[in-house]
Amino acid sequence: METILFCAPVAADGTLAKASLEALSAAKTLAEGLGATLAVGLFGADVAPAAAAVAACGPVFAVTGEAFAVARYATDAAALEALAKAASATIIIAADDSRVSRALPGVAARLNGRIDAHVVAIAAKDGKPLVTRGYYRQRMTAELTRAARPWCVTVSGGCYAAYDGAPGQASLTDVSVPVTEAMTRTTIKAVVAPSADEQTIRPDAKMLFVAGAGWTKKQGDGAAHVPEAGQLILGFLGKAKASLGSSKSLVDMGGEGESVLPFLTHLHQVGQTGATPRHQKGLATCCHGEEPHVVGWRFITERRAVNLDAACGWAQGKADVLYVADAFEVMRRVNELLG
Amino acid sequence: MNERQSMETDIVCVGFGPAMGGFLTTLAKGIVNEDGSAVMESTVVPGLPPQVICYERADDIGVGVSGVVSKARGIRESLPELDPACIPLCTPITEEKVVYLVDPHGASRRSLPLKAADAALKLLGGKFPGCRYKDMAVELPYIPPFLEKHGGLTFSLGQFNQWVGNTVMATGAAQIWPASPVAAPIIEHRKVVGVRLADQGVDKAGKPDAAYMPGMDVRARLTVVGDGPVGPVGRAIDEARGLPMGHHQRDYAVGMKFVVDLPGNCPWKVGTVIHTIGYPEPEIFGFLYVLPGHVASLGIFVPSWFDNPVRTAYRYLQHWMQHPYLWKYLKGGTIRSFGAKTLQESGKNGEPYLVGDGYARIGEGSGTTNVLTGSGVDEAWTSGVQLGQAVVELLEKGLPFTSENLEKTYVARRRASWVEAEAKIAARSREAFASGFIPGIIGMALTGLTKGALCWPADSEPVHKRIPSIEEYYHGRISCEEITRIRQEATAKGLALHDALMDKVGWPEIEYDGKLLISHQDALLLGGKVQAAPGYADHVTFECPDTCRACAEKTCIEACSGQAITTNPDDGVPLFDREKCVHCGACLWNCSKPSKADPERTNVRFAAGAGGLHSAEN
Amino acid sequence: MFHIVVCGGIVPDPLQTLEPVKGPAGWGLKNELMLPSILDPWASHALYEAAHLAKAVPGSKVWLVSLGPKAKLQQVMMTVAQKAPFELVVADGPAGGFVDSFEVAEALFAAISGIAGLDASKLLLFGGWQSASRGSGSTLQILGEKLGITDQFQGVDKLTVGADGSLEVMERIEGGAYQISTCTGAPAALGWATGELPEPPNNPQVGMANMRLVMPALQKAKPAAVNAAAIDYQSVTLPAQKRETRVVKDTPVDVIAQEIIDWLAS
């Protein structure tokens, strides 16, 4: 019988991140489907509040101590390894966030197990666990299972509802992990968050606004209007509280010395060599393009586009609505209406 | 990195196509043993075999070329072990057809006799004894022997080139560097002493920008020029030396093609070869080759003697595919690849000086394409083989690569071969097309069947002299006022004129199906996967801006295979977007205005550039 | 001084149309051998960063370790080799995305273990943060573990080497933020995101210099043993993605803007 261990780091305030709670739902679903045992493994400076919050899910194993408060490969991997061993886990499920996805693959290697990351669904089928994940930058989807154990799985954000069961008294087992000098060669210095003005990547936003290269090209009057494009885009982002994505061609221009929108970096790039963000709605403006870059749309549920070209490959067959119009005019008016 | 680097090598080669494949395959056998050891020594790196470097402008070897049907005599002679099954998309020819397509819409511009023939076929076609008239088409009962490719191969030149290139490189005899456009030959004291690569890290105008790296000078004892019909090195040599007396390069065609995953119901057998004539315009010939894996390589040739100033290959290709004879089995198919290239159709008439001190010309740019037999790849390959044999001979004898020595070894071999014999027969076979489609077909048959003894004579003219004004071409079909209105509207929107004009004369609108009938832009992206790395100058420029401003046809825009040359709403000089260019070079000869420097040239300058097609299936 | 090992696979040129097919050797791409290939974009960034670092820290050396079919690698190297100086190490095996990350890491580990003169104490293991094929986000970590590297970083956009050989690393984390860490020095593993360097121009002389080692490396490449059965694929499919697009043309801007506003609010 499988023993499923859900693992998560505990934040400084004692809570679990939303992504982790979503992964917990995935783990719970699988455990229920397989009729398997579910255990919880937590690590951090103080895990008590988090342990109470998930107490209903199963027994909790915990690695605690200051060294485990920070997102550092060596200590995270040591904690995860110890938790997996303590719980005798055969399947380990965690969130696909930066911290766990950095450490868990190495843990799989230490345990002589295997790992699948970026998993979008995990279910029991014919008594076996079956995971679904993307290949080739989400251009195809595979359903797979494995015989090897332990099997580590990291679950992408936004695929499951966050667990919100009633808190309780956790059955807590402390797992001790000695902190060696080799584990603290790396020191976390700082987390640099983008300032409020440039907070243009908002994973929690309902809407993704995609800016394409057309914003920087010559407009009808024969001149480029890059500063106005910047104002319109930022104005919309602020008012609609939207997240910002950009096409590769627009981001790349920065490297070619062309006048570009100064707030755009490679972090905003969506598509083949960029991100595939998940949002309820997406509005693409001045994008023209092709399948690989359109991959950036894959996880946008409702898609609309504003473009001058009615045959545009970015929109045709991929967007729900294509407005054939000048994005400058449309966004100017939209911003006015948004107040 | 701002200083121009220089490097010495033994042999530098420009352009990796079939001719260079034949050259390097032959050379490799002569200069290295099977174990990779040197048969002879390099003069620049003693102890090693002669250093051979080939620069190819496209981003990979085997991207951006075309489907082929060939007798493959030369290819099989130098690769006797060749097994078509080893090369993807390669197969022996099993069936050949020549088909005359009737115009189902009545929108093409046909001469009266042709209209009469069409009417008769439509009325009585099925009733003529022995006439196989079906689906608005007649399969000709007989294929003239000069056109037959029976016993040959049909294949993807991209896959073939990849296979040849990898085989050559694995011998260690040569390095083939893609994404390396060669800007020009280095000529010193009337001798070619190497080549200069294109500058990188420059802006559109070629001015140094971030990461500027001047193109390296590669100096060599021998420069092998195989850069095709529009290659800048070959053309620079022609400009410096001129063409031999009486020779001129005035006949071209642009070949535009799709590679298609055929629909399930398509009965065409692998190895089937279909040639079409008559539609979408009488001047436009079509081809369709059925390759392994239920795939077809198909397309059209739009020749320089098609006197239509709005000669858009793309729109015509879509009408051609939809001809009932073809569409019956193509409908439901999906595009896999798209591409276009210029064919140098002057053949022997346009042959440049094949050799000079320090250089030799091979392949299509050297006039190997045979327009009578409709064959070019095997001829190009064979010219490369002949140079390969000659170079090995000169290296073995320790003789320098002088004009005289190359003449005695390479040119002598070429003159004594079937390539030359057939080129001579073909030399005047196409002349009559200058007088029209029917004289052209008759003239070609006359020349082919009499093995060159007879022809239908006609005067040739540079292409730009043949291109009429739009008003002249559409005389009687669209009024001058209407053309003026269409021109104003299209220019304001930055569009070419052909769609509006063709709609006007009765061509049905293309109903996109997202699979084969797709926008030109989508064909570039889904089919050709066209892209271009930054940091290179625009390779298409206009010599005299005022000439463009005064030009009313702007055939460069209409004929552009990639929609890379577009109307400029603010100025009469067209815009060029190098990220869309497929490097077919059609603009170079489709310009209707002569260069002020040389009336045989046009106002378009076409230089070395990186990027373009990224499909290796063409 | 660093010994930088960059791991990078080859992937289909990004604009190619991809379709999964099941063959005798398991899942792969339709016409996989025909598709033009490139070095994985993220691994390319890692390679440029490695070359940049090696240039800045005298005595350093760069190896490019790649698992892929020999013939295809040879072709890709003709483009990559002009970009940055490196020595190639080849594991002759499949380059496709359907191979398990653990198997890939083992093949790479075997190839790296065979590098003569590689000093583990100076080792910086570089690779792409994700790949354009498998995108497993796990190969580098597993390989790092096998090489005994327990200082690992992912989504790296910047590496600064201190005078004492310490490493300051900027990693992408959630919400557009960066985590900045310092590590006392090599060995370390870094999975690169896009980094900060533009693609270098093609330098023919760098290409020529690399080629002296590339061809012998290809010739002596050992077949890599990867177990294709590590993953039991139940299905691989292309997402049905065609949507019915409603095209709104010739409509006043006010109407379009209002429609967008209504949609936003819905």
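# Helix crossings, sheets and burial

User: What makes the crossing of α8(A) and α6(C) right-handed?

Analyst: The crossing of α8(A) and α6(C) is right-handed. The term applies if the near helix is turned clockwise from the far one by less than a right angle; anticlockwise would be left-handed. This is a predicted model, in which local features need pLDDT of at least 70 and side-chain atom pairs 80 or more, while totals for chains, interfaces and linings use all residues; side-chain values use heavy atoms, without hydrogens and water. Residues are numbered from 1 along each chain as its sequence is written, with chains lettered from A and ligands numbered from 1 in the order in which they are written.

User: Why is α8(A) called oblique to α6(C)?

Analyst: Helix α8 (residues 327–338) of chain A packs against helix α6 (residues 253–265) of chain C at about 55 degrees, with the axes 9 Å apart. Angles run from 0 to 180 degrees between N-to-C directions of axes fitted to C-alpha atoms, for helices over the stretch in contact. Under 35 degrees is roughly parallel, over 145 roughly antiparallel, 65 to 115 roughly perpendicular, and the rest oblique. That angle therefore makes α8(A) oblique to α6(C).

User: Which residues make this contact, and how do they divide by type?

Analyst: Contact means heavy atoms within 4.5 Å. On α8(A) the residues include A:V330, A:V334 and A:L337, and on α6(C) they include C:I256, C:I260 and C:L264. The residues of this contact divide into 10 nonpolar, one polar and three charged. Here Ala, Val, Leu, Ile, Met, Phe, Trp, Tyr, Cys and Pro count as nonpolar, Asp, Glu, Lys and Arg as charged, and the others, Gly among them, as polar.

User: What makes α3(A) oblique to α4(A)?

Analyst: The axes of helix α3 (residues 73–87) and helix α4 (residues 98–110) of chain A come within 8 Å and cross at roughly 55 degrees. That crossing makes α3(A) oblique to α4(A). The crossing of α3(A) and α4(A) is right-handed. A:Y73, A:D76 and A:L80 are among the residues of α3(A) in the contact, and A:R99, A:L104 and A:V107 are among those of α4(A). By type, the residues of this contact divide into seven nonpolar, one polar and five charged.

User: How do you know which strands stand at the edges of the sheet of 10 strands?

Analyst: The sheet is open and mixed, in the order β10(A)-β11(C)-β10(C)-β9(C)-β12(C)-β8(C)-β1(C)-β6(C)-β7(C)-β13(C). Two strands pair if DSSP finds at least two bridges between them. β10 (186–192) of chain A and β13 (222–223) of chain C each have a single partner strand, so one side of each is left without a neighbour in the sheet. β10(A) runs antiparallel to strand β11 (residues 178–183) of chain C, with six bridges between them. A:T186 stands opposite C:C183 in that pair.

User: What makes β12(C) mostly covered?

Analyst: Buried means under 20% relative accessible area, exposed over 50% and partly exposed in between, with a 1.4 Å probe and protein chains only. In strand β12 (residues 188–192) of chain C, five of five residues are buried. C:A188, C:L190 and C:W192 lie on one side and C:A189 and C:G191 on the other. In a regular strand the side chains alternate between the two faces of the sheet. β12(C) pairs with β8(C) in the parallel sense over five bridges, with C:L125 opposite C:A189. Four bridges join β12(C) to strand β9 (residues 152–161) of chain C, also in parallel, and C:F153 has C:L190 as its bridge partner.

User: Why does B:S519 count as buried?

Analyst: B:S519 has 7% relative accessibility and therefore counts as buried. B:S519 lies in the loop between α15 (498–504) and α16 (520–528) of chain B. Leaving out residues up to four places away in sequence, B:S519 touches A:A311, B:Y314 and B:Y512.

User: Which strands are the edges of the sheet β3-β8-β4 in chain B?

Analyst: This open sheet of three strands has antiparallel pairing. β3 (67–70) and β4 (90–92) each have a single partner strand, so they stand at the edges. Strand β8 (residues 153–156) pairs with β4(B) over three bridges, and B:C90 stands opposite B:F155. Helix α4 (residues 157–171) of chain B lies across β3 and β8, at about 85 degrees to β8(B).

Note on methods: Helix = DSSP H or I, 4+ residues; strand = E, 2+ residues; numbered from the N terminus.
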